[in-house]
Amino acid sequence: MMNFKLVVPLATSLLATGAHANTEIIGNVDSKCIIVSETPGVYGNPNPYQLTTAPTSGGVKPIIRYDVLVADYYKAVIDHPIEFSSAPSLDDVVNWTGDVTVSEVSDTNMSDYDTNKVEYNNSHEYELTVSGSTWFTVSSTADYGSTKSFPAGTYTAVVEAECIPL
Amino acid sequence: MKKLLWAVALLLLWPSYSYSEEVYGSTNNAAQTGLNWVMTNILPEFAGLEVNGLVYQYTAVKDPETDMIVYVQNEYADGNGYIFRNADDWSGLPGNTINKAFVFPNLSAELWGPGSIEVDGEGSVVDPSVIYTYKYDTCFDPQADPSCPGYEEPVVVPEIEIYDPLQDDLVLEQLEQKAQLDQEEEEEDRKRRQRENAIQNALENLLSDGGNPGLIDPVAEALALALTSKVLPTTYYGTIEGGEYLESLVLDGGDIQDNRKARRSNLAQQLLHQQMVNSQYELNQQETK
């Protein structure tokens, strides 16, 4: 009988002092900046030593679309290629040139993105100050050696496009 | 399983099996041939067609320093304003290719009037592309297809030969005769009125004041008399002999006797009358007393 009396308050005490709760707060953040690869690029081979995306040389310029839902919160950084991601074995230097331009806009105020862009190395940085879609066209040319022929095979290069929150 | 297949086959082949389908599509480039276009030449002719979207693209060629506004627009079909109008303000900006998409709440094709791309300012538009998206119901008109819900078999109306009496020779002949008779009658009326007028005029002349200078002139009087004698019956102007016409008929005197029936009737009436008078008389006598 005595044990029971002790036990009950003890048990109660244990319950009272041990009560606590953890409540989770879950938040989902959807990206407000979406990058879509609209057109894959193709290298043309107008000269044995050259690979280029110029349409006049049989190439196709890749097009990347940025969809920005909220203005002034993101910047786009696009790197034109400076190396092949896959290629036959090369024993000479490849000289890379390239550029990125705004080829299409969904708002007239995006048309000065090119004027305001910042370039360093092979990177092209754009402040996305207007919401909407912006299409960027990348051009790339690879010259092998001075005028050395590229070995036969498949050459692949990658354009890197990032959307960086400010 | 076999039963199920039979049921599906039966359902597909059943004459009353009906369905309607919403078809979605897009037009060709409306600005292919110029910056102005007519919607009836762009949208397909399907009953109940509705426009639910528009995508346009063009390249603005301009000096970044200049001002330029480009309007992509469609008027209302009744000309009362714009059903769609979007302005791209390129003022102070370099030119570029612009691409825009719009969604509409299924606006009937009948509402859409002429479309255009209008440039206000310095610059030009090249490579324009305007594409409309649309949808329509294949059974918007249930009678369009027997498979549509609500389709009703058209009632075959028997061909009825229509009798046109105006093409019947006999009727035409009768009408012609009647017209001729009417014409004759009218001519007769006209002549009669003319004759009556002539008579009236002649009578007026004849009965007019003697001071009328036209009648005082013997020649004119003779002419008037001649005219009168020509159009008036002789009794109008013939001389009636004067004198006294004495009564030539002589009646013999005497009483004309009533016949028996009349006598009886008269007698009965007389008797009644006498009784009535007598009764009044007697009544007066009593009151006097």
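This passage walks through the fold of chain A, the contacts it makes with chain B, and some features of chain B. The structure is a predicted model, and it is convenient to begin with the overall make-up of chain A.

Chain A contains two helices and 11 strands. Read from the N terminus, its elements follow the order α-β-β-β-β-β-β-α-β-β-β-β-β. Of the 166 residues in chain A, 26% are buried. Among the contacts in this chain with a separation of 6 or more, 73% join residues 24 or more positions apart.

One sheet of chain A serves as a good example of how strands are laid side by side. It is an open sheet of four strands, arranged β7-β8-β4-β11 with antiparallel pairing. At its edges are β7 (118-120) and β11 (160-165) of chain A, each of which pairs on one side only. From one strand to the next, the twist averages 20 degrees. Within this sheet, strand β4 (residues 74-79) and strand β8 (residues 123-128) of chain A are paired in the antiparallel sense over six bridges. A reader who wishes to find this pairing in the structure can look for Lys75(A), whose bridge partner in β8(A) is Glu127(A). In a regular strand the side chains alternate between the two faces of the sheet.

The loop between β3 (63-68) and β4 of chain A holds Asp72(A). This residue is not a glycine, yet its phi is positive, at about 70 degrees. Is Asp72(A) buried or exposed? Asp72(A) is exposed, because 12 other C-beta atoms lie within 10 Å, and a residue with 12 or fewer falls in that class. A similar case occurs in chain B, where Asn106(B) is found in strand β6 (residues 97-108). Asn106(B), also a residue other than glycine, has a positive phi near 50 degrees. With 12 C-beta neighbours inside 10 Å, Asn106(B) counts as exposed.

The discussion now turns to the nonpolar cores. The largest has 44 residues, and those that touch the most other members are Ile78(A), Phe136(A), Leu43(B), Ala60(B), Val70(B) and Tyr132(B). The names in that list come from chain A and from chain B. Phe136(A) shows what such a position looks like in detail. With its neighbours within four places in sequence left aside, Phe136(A) is in contact with Ile64(A), Tyr66(A), Ile78(A), Val100(A), Val102(A) and Ser103(A). A second, separate core has six residues, including Val94(A), Ala142(A), Tyr144(A) and Phe150(A).

Where the two chains meet, 10 residues of chain A are in contact with 11 residues of chain B. On the chain A side, strand β6 (residues 94-105) gives the most, with four residues. Sorted by class, this side has six polar, two nonpolar and two charged residues.

Chain B has an open sheet of four strands too, in the order β2-β7-β4-β5 and with antiparallel pairing. Here the edge strands are β2 (36-37) and β5 (82-89) of chain B, each pairing on one side only. Two bridges join β2(B) to strand β7 (residues 112-121) of chain B, and these strands run antiparallel. On β2(B)'s partner strand, β7(B), the residue bridged to Trp37(B) is Gly115(B).

Another pairing in chain B involves strand β1 (residues 22-26), which is hardly covered: among its five residues, the count of buried ones is zero. β1(B) and strand β8 (residues 124-137) of chain B pair in the antiparallel sense over five bridges. Opposite Glu22(B) stands Asp137(B) in β8(B).

The last element to consider is helix α7 (residues 260-288) of chain B. How far should its 29 residues span at 1.5 Å a residue? The expected span is 42 Å, and the end C-alpha atoms are 42 Å apart, which agrees. None of these 29 residues of α7(B) is buried, so the helix lies largely in the open. In the loop between α6 (234-237) and α7 of chain B sits Asp258(B). Asp258(B) is exposed, with 12 other C-beta atoms within 10 Å. Apart from neighbours within four places in sequence, Asp258(B) is in contact with Arg263(B) and Asn266(B).

Terms used: Residues numbered from 1 in each chain as written. Chains lettered and ligands numbered in written order. Predicted model: local features only at pLDDT ≥ 70, side-chain atom pairs only at ≥ 80, totals over all residues. Contact = placed C-beta atoms within 7 Å. Nonpolar A, V, L, I, M, F, W, Y, C, P; charged D, E, K, R; others polar. Buried ≥ 20, exposed ≤ 12 C-beta atoms within 10 Å, placed from the backbone. Core = buried A, V, L, I, M, F, W, Y, C linked by C-beta atoms within 7 Å. Pairing = 2+ DSSP bridges. Expected span 1.5 Å × (residues − 1). Axes fitted to C-alpha atoms, helices over the stretch in contact; angles between N-to-C directions.
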